[in-house]
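Reader: Hey, got a minute? I'd like to walk through this protein with you, and I'm new to this.
Author: Sure, let's put it up and start with one helix.

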Amino acid sequence: MTKEALLNEKQKTVLKALASMSQACGSKEIASIAGMDAKEVSSQLTVLKKKGLADSPARCVYAITDQGRDSLS
């Protein structure tokens with residue numbers, strides 16, 4: 001099973017939105033880019049953080065990790 005197969009569509013969408021940003025940002029900004037509800041983005045970010053694909057360098061701020069970038073390629 002590939003890394004890509006371990007992600008559902010919503011998680012992929014959130015990761016792609018994170019990857020498109022030049023700096024860490026909040027869930028509202030990610031939701032705006034991803035076209036999703038902010039609460040839904042927050043729940044997906046929690047899962048992505050547990051998988052090591054996203055990081056939270058500050059409270060309520062998120063960024064994609066190198067592993068997250070690799071999972072998109």
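**Starting from helix H2**

Author: Look at H2: on the face turned away from its buried side sit the exposed residues Lys28 and Ser32. One thing to keep in mind is that this is a predicted model.

Reader: OK, and which residues of H2 are buried?
Author: H2 covers residues 27–34, and the buried ones there are Ser27, Ile30, Ala31 and Ala34.

Reader: Why are they on the same side of H2?
Author: Around the axis they cover an arc of only 100 degrees, so they end up on the same side of H2.

Reader: What covers the buried residues of H2?
Author: The cover includes helix H1 (9–19), helix H3 (38–50) and strand S2 (61–64).

Reader: And what follows H2?
Author: Gly35 does, and its phi is positive, near 70 degrees.

Reader: Which residue other than glycine has a positive phi?
Author: Cys60 is one of that kind, with phi near 65 degrees. You'll find Cys60 in the loop between strand S1 (54–58) and S2.

Reader: Is Cys60 buried, exposed or partly exposed, and why?
Author: Cys60 counts as partly exposed because its relative accessibility is 48%, and the partly exposed range runs between the 20% and 50% cut-offs.

Reader: Let me zoom out. How many helices and strands are there?
Author: The protein chain has 4 helices and 2 strands. Reading from the N terminus, the order is α-α-α-β-β-α.

Reader: How does the radius of gyration compare with that of a compact globule?
Author: It agrees: a compact globule of 73 residues would have a radius of gyration near 11 Å, and this chain has 11 Å. Along the principal axes, the C-alpha atoms fill a box of roughly 30 × 20 × 20 Å.

Reader: What share of the residues counts as buried?
Author: 36% of the 73 residues do. As for the surface, the chain exposes about 4,500 Å², with 50% of that supplied by carbon and sulfur atoms.

Reader: What about contacts between residues far along the sequence?
Author: Take the contacts with a separation of 6 or more: residues 24 or more positions apart account for 50% of them.

Reader: And charges, how many positive and negative ones?
Author: There are 11 positive and 8 negative charges, and their mean positions are 5 Å apart.

Reader: Back to single residues. Where is Thr13, and what is it in contact with?
Author: Thr13 is in helix H1. If you leave aside neighbours within four places in sequence, Thr13 is in contact with Ala34 and Met36. Ala34 is also one of the buried residues of H2.

Reader: How accessible is Thr13 itself?
Author: Thr13 has a relative accessible area of 29%, so it is partly exposed. Between the C-alpha atoms of Thr13 and Gly52 there are 16 Å in space, with their positions 39 residues apart in sequence.

Reader: What lies in the segment before H1?
Author: Asn8 is there. Asn8 counts as partly exposed, at 36% relative accessibility. From Asn8 to Ala19 is 11 residues in sequence and 16 Å in space, C-alpha to C-alpha.

Reader: Last one: where is Asp70?
Author: Asp70 is in helix H4, residues 66–72. Its relative accessibility is 48%, so Asp70 counts as partly exposed. Asp70 and Leu53 are 17 residues apart in sequence, and their C-alpha atoms are 8.9 Å apart in space.

Conventions:
Residues numbered from 1 in each chain as written. Predicted model: local features only at pLDDT ≥ 70, side-chain atom pairs only at ≥ 80, totals over all residues. Heavy atoms only, no water. Rg over C-alpha atoms; globule rule 2.2 N^0.38 Å. Buried < 20%, exposed > 50% of the residue type's maximum accessible area, 1.4 Å probe, protein only. Contact = heavy atoms within 4.5 Å. Areas by Shrake-Rupley, 256 points an atom, 1.4 Å probe, with all protein chains shown as cover. Lys, Arg positive; Asp, Glu negative; His and termini not counted. Charge placed at Lys NZ, Arg CZ, Asp CG, Glu CD. Arc of directions from axis to C-beta.
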